[in-house]
Amino acid sequence: MAEPVVRVPDAKVALSTASVYPESTATAFEVAARLGYDGVEVMVWTDPVSQDVEALRRLSDYHRVPILAVHSPCLLITQRVWSTDPWVKLQRARTAAEKLGASTVVVHPPFRWQRQYARDFVSGIWRMADETDVRFAVENMYPWRYKDREMLAYAPEWDVTKDDYRHYTVDLSHTATARTDALAMIDRMGDRLGHVHLADGRGSAKDEHLVPGRGTQPCAELLERLAVTGFDGHVVIEVNTRRAMSAAEREADLAEALAFTRLHLASAAGRPSRTPRP
């Protein structure tokens, strides 16, 4: 029997519901179904539907689009969503993931002013990970910059590879904003890389979340490496389409992102893995 020409990993390609903002969570399910995404990652934010497990289940069932991940409400604009206590937020995210059949909860490291939460964060994430089969995948962030000034907004670290977590999320828009080497970062994550937020960036101080291929990040190289290594997590398209002039333009961007991802996830069989960067 001839060996396959290409090898495609088991990784599913999902659409973050944040990718249709300012449209609704419900719209994201419609778009994901229409374009052929394998599922969605729900960004829990101020949209009431994103906070309602039963509403999310109905959307998933109606559109036949599984919920693969839940992004905990840890943004500045979601400080009061699902409680003001960050541990309660994570507990509710875990419960939502378990009820919805999602395998992953994405969480950001704490803000520096959340001092007690930051002090206990690493041990607390391990404790919560030990209580469930759901992966808690901690996401890399970036320093905040204004002109020539830099502020370290996250603790213990914006570079989450400096701390010990069971699973990581790598976000390529965040590596662009941090002006750090994305491939070196995933080398440090190793087999703990459990989740990918695929987007692009040009190194601006703003977190750009461009469509993959429109910035300077090694989006294609990262996907090819995942294909070679048999990555079994999810690849989530998390891009900014708020400047789209129409629903058709937004969908064209999201279709382009999906095509780019599937193209580069298909790796030539037998192709050697890239040599890790020092």
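This briefing walks through the main strands, helices and a few single residues of the structure shown above. The model is a predicted one. At its heart is the strand order to look for: a closed barrel of 8 strands, running β2-β3-β4-β5-β6-β9-β10-β11 with parallel pairing. Neighbouring strands of this sheet are turned against each other by 25 degrees on average, with direction ignored. The points below take the barrel strand by strand, then turn to the helices and to two residues worth finding on screen.

**Around strand β4**

- A good place to begin is strand β4, which covers residues 67–71. This strand is mostly covered, with 5 of its 5 residues buried.
- On one side, β4 is joined to strand β3 (residues 39–43) by 4 bridges, and the two strands run parallel. To find this pairing by eye, look for Met43, which stands opposite His71 in β4.
- β4 is also joined to strand β5 (residues 104–107), here by 3 bridges and again in parallel. Two pairs mark this seam: Ala69 stands opposite Thr104 in β5, and Val70 has Val105 as its bridge partner.
- The route from β4 to β5 includes helix α4 (residues 86–100), and the three elements make a right-handed β-α-β unit.

**Strand β5 and the step to β6**

- In a regular strand, side chains alternate between the two faces of the sheet.
- Which residues of β5 are buried on each side? Thr104 and Val106 are buried on one side, while Val105 and Val107 are buried on the other, so to speak a strand with both faces covered.- β5 pairs in parallel with strand β6 (residues 135–139) over 4 bridges. Val105 appears in this pairing too, with Phe136 in β6 as its bridge partner.
- Between β5 and β6 the chain passes through helix α5 (residues 115–129), and this β-α-β crossover is right-handed.

**Where β2 and β11 meet**

- Strand β2 (residues 12–16) pairs with strand β11 (residues 234–237) in the parallel sense, over 4 bridges. Within this pairing, Ala14 has Val236 in β11 as its bridge partner.
- Helix α9 (residues 247–265) lies across β2, β10 (193–198) and β11. Its direction is about 155 degrees to that of β2.

**Helices α3 and α4 side by side**

- Helix α3 (residues 53–63) and helix α4 have axes that come within 10 Å and cross at roughly 30 degrees. The crossing of α3 past α4 is right-handed.
- Which residues meet where these helices touch? From α3 come Val53, Leu56 and Arg57, and from α4 come Ala96, Lys99 and Leu100.
- Sorted by class, this contact has 4 nonpolar residues, 2 charged ones and no polar ones.

**Helix α8**

- Helix α8 spans residues 219–229 and is mostly covered, with 9 of its 11 residues buried.
- The buried residues are Cys219, Ala220, Leu222, Leu223, Glu224, Arg225, Leu226, Ala227 and Val228. Charged residues can be found in this list, namely Glu224 and Arg225.
- Just after α8 comes Gly230, which takes a positive phi of about 75 degrees.

**Two residues to look up**

- Ser72 sits in the loop between β4 and α4. Is this residue buried or exposed? Ser72 is buried, because its relative accessible area is 2% and buried means under 20%.
- Leaving aside neighbours within four places in sequence, Ser72 is in contact with Lys89, Leu90, Ala93, Val105 and Val106. Of these partners, Val105 and Val106 are also among the buried residues of β5.
- Glu98 has its place in helix α4. Glu98 counts as partly exposed because its relative accessibility is 41%, and partly exposed lies between the 20% and 50% limits.
- Which residues does Glu98 touch, not counting those up to four places away in sequence? Glu98 touches Thr132 and Val134.
- Glu98 and Val134 are 36 residues apart along the chain, and their C-alpha atoms are separated by 7.1 Å.

Terms used. Residues are numbered from 1 along each chain as its sequence is written. This is a predicted model: local features need pLDDT of at least 70, side-chain atom pairs count only at pLDDT 80 or more; totals for chains, interfaces and linings use all residues. Side-chain values use heavy atoms; hydrogens and water are left out. Buried means under 20% relative accessible area, exposed over 50%, partly exposed in between (1.4 Å probe, protein chains only). Two strands pair if DSSP finds at least two bridges between them. A crossover is right-handed if, with the strands pointing away from the viewer, the path from the first strand over the helix to the second runs clockwise. Axes are lines fitted to C-alpha atoms, for helices over the stretch in contact, and angles run from 0 to 180 degrees between N-to-C directions. A crossing is left-handed if the near helix is turned anticlockwise from the far one by less than a right angle, and right-handed if clockwise. Contact means heavy atoms within 4.5 Å.
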